[in-house]
Amino acid sequence: MSNFISGGFKAYLYRDLLLSVRDKTDLVKPLIFFLLIAALVPLAIAPEAQRLAKLAPGLIWMLAVLATMLSIERLFSDDLNDGSLEQMLLSPNLLIMPVLGKVTAHWLVIGLPLTLLSPVIGIWFSLPSVAVIPMMLSLVLGTAVLSLIGAVGAALTLPRQGGVLLALLVMPLYMPVLIFGSATIQSAVDGLNWIGPLAMLAAFLAIAIALCPLAITAGLRLAKNG
Amino acid sequence: MKLNVQWTWFHRLGSPRWFYQKTQRWLPWLSLVMLTLMVTGLVWGLAFAPPDAKQGNSFRIIYLHVPASIVALAGYYFMAIAGAIGLIWRIKLSYMLMRSAAPIGAALTFIALVTGAIWGKPTWGAYWVWDARITSMLILLFLYLGVMALRNTYSNNEVADKAAAILSLVGMVNVPIIYKSVDWWQTLHQSATIKLTGAPSMHPDMFMPLVVMILGFYSFYAVSLFLFTRAEILRRECRTSWVKQLVTHNLVEK
């Protein structure tokens, strides 16, 4: 019984992580994108520490949203192309678990490294050091939500392989995460209590873990037919 | 046996042909109701309602702005629920209604945004303010456009319907969350004027025309939904004998 429930999770988590490790460019691309866009900001706005510090909470979160969205596109498309998606859909296991395994792998490959890299961006944008820990906590929770919601969009747009359509579907759904994510950092900068918005992110994550896999699996079943 | 009798209406409701014939009979009456309500509401609101103490006559755009916003938001729920009914009971008609609801809802959201911007200029001194409700209406517009875009990417009707239904359900869960989160960084917008519980904070002379306009917009929504869905039915059922009969019959009459 335990194998029926958790077997798919572990297997797909391990498989996707292994694939990412073997193909290192995939692993590094979103992170380079994250740093590159961050480097454009001072060039486009102004290299003044004060101004950048004011924008930092929102900018860091916008970069995280963009980097996650660009990488989520390929979550299922490679599997569709090489036929392993069909195998996953045919397997007798609960489909939710393999899907959660894949999304978790995506988060470990994208969300977690982004979080670990974020202090660099914080330094670039002269973010006050009190806000670094809240920033990392908000990114850990928030990027997981972004991966889950993004996977819904990726599954629904699978026959078209994402693109602009994916952005159109997913961006409106990302807004609450963006609001509370940057609010966490902003509260910490202002010396307010930042646990509140962080708790909201944790609540979003709980809802997303419960509901998103249902939509993802329904979308994948459709994509096979469409 | 009794159970059968009770459920026949539900299955008949799912028949596109039944819907097409019924709406043909309903449409003239419904259009009449819509016209009466809208003309009454507009004339009453624009010409007879007293001007606002602070905003003068500029507040009168409320008679377009508020009904459009309310129906746009309700339209999203209608679309998502129609999608859910389609997914659960596999009713074709439900998907057709869902598909028709998307462009109407998007148009109403757009009207709400534009009238809001026009109203904002004299009231706040700017066409666009990033306040909570404007922002969530903008997100609602993107949600509608997403459903429409997703619906159009699939060539297979059945798959497209299901995908759009799933997306609108995901959106339905998110609409209250988006609303509340945007509300959280709330700024300029006045708090809700109409409350279902308790007396409205508007004077009855101003409030009654608004109620008439809201009802008028709902009937406008119903009329346009019927028209869109009837076109959709003809498009999808063009191979069935009753549609062929209908078309040839119309041609012979002319």
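In the predicted model, B:Met202 lies in the loop that links helix H6 (157-184) to helix H7 (204-236) of chain B. B:Met202 has 16 C-beta neighbours inside 10 Å and therefore counts as partly exposed. Its C-alpha atom is separated by 9.8 Å from that of B:Asp52, although the two residues are 150 residues apart along the chain.

Chain B as a whole contains eight helices and zero strands. Read from the N terminus, its elements run α-α-α-α-α-α-α-α. The chain has 254 residues, of which 35% count as buried. Among contacts in chain B with a separation of 6 or more, 78% join residues 24 or more positions apart.

A second loop of chain B, between helix H3 (62-89) and helix H4 (92-124), holds B:Arg90. B:Arg90 is not a glycine, yet it adopts a positive phi of about 55 degrees. Only 12 or fewer neighbours qualify a residue as exposed. B:Arg90 has 12 C-beta neighbours inside 10 Å, so it counts as exposed.

Chain A also has a residue other than glycine with a positive phi: A:Ser126, at about 50 degrees. A:Ser126 sits in the loop between H6 and H7 of chain A. Its 15 C-beta neighbours inside 10 Å are the reason why A:Ser126 counts as partly exposed.

Helix H4 (residues 74-82) of chain A has three named buried residues: A:Leu75, A:Phe76 and A:Asp79. These residues lie on the same side of H4(A), because they cover an arc of only 60 degrees around the axis. In general, an α-helix has 3.6 residues a turn, so residues three or four places apart point the same way. A:Asn81 and A:Asp82 are exposed on the other side of H4(A). The packing partners of the buried residues of H4(A) are helix H3 (49-72), helix H5 (84-90), helix H6 (96-124), H7 and H9 of chain A. Just after H4(A) comes A:Gly83, with a positive phi of about 90 degrees.

Elsewhere in chain A, H8(A) packs with H9(A) at an angle of about 150 degrees. The axes of H8(A) and H9(A) are 8 Å apart. An angle over 145 degrees counts as roughly antiparallel, and H8(A) and H9(A) are therefore roughly antiparallel to each other. Their crossing is left-handed. H8(A) contributes A:Pro176, A:Val177, A:Phe180, A:Gly181, A:Ala183, A:Thr184 and A:Ser187 to the contact. H9(A) contributes A:Pro197, A:Leu198, A:Met200, A:Leu201 and A:Phe204. By class, the residues of the contact of H8(A) with H9(A) are nine nonpolar, three polar and no charged.

The two chains meet through 21 residues of chain A and 24 residues of chain B. On the side of chain A that touches chain B, helix H7 (132-156), helix H8 (164-189) and helix H9 (195-225) of chain A each supply at least two residues. H8(A) provides the largest share of that side, 10 residues. The side of chain A that touches chain B divides by class into 17 nonpolar, three polar and one charged residues. H8(A) thus appears in two settings: it packs with H9(A), and it supplies residues to the side of chain A that touches chain B.

Definitions and conventions. Residues are numbered from 1 along each chain as its sequence is written. Chains are lettered from A and ligands numbered from 1 in the order in which they are written. This is a predicted model: local features need pLDDT of at least 70, side-chain atom pairs count only at pLDDT 80 or more; totals for chains, interfaces and linings use all residues. Two residues are in contact if their C-beta atoms, placed from the backbone, lie within 7 Å. Helices (H or I, at least four residues) and strands (E, at least two) are DSSP runs, numbered from the N terminus. Ala, Val, Leu, Ile, Met, Phe, Trp, Tyr, Cys and Pro count as nonpolar, Asp, Glu, Lys and Arg as charged, and the others, Gly among them, as polar. A residue is buried if 20 or more other C-beta atoms lie within 10 Å of its own, exposed if 12 or fewer, and partly exposed in between; C-beta atoms are placed from the backbone. The arc is that of the directions from the helix axis to the C-beta atoms. Axes are lines fitted to C-alpha atoms, for helices over the stretch in contact, and angles run from 0 to 180 degrees between N-to-C directions. Angles under 35 degrees count as roughly parallel, over 145 as roughly antiparallel, 65 to 115 as roughly perpendicular and the rest as oblique. A crossing is left-handed if the near helix is turned anticlockwise from the far one by less than a right angle, and right-handed if clockwise.
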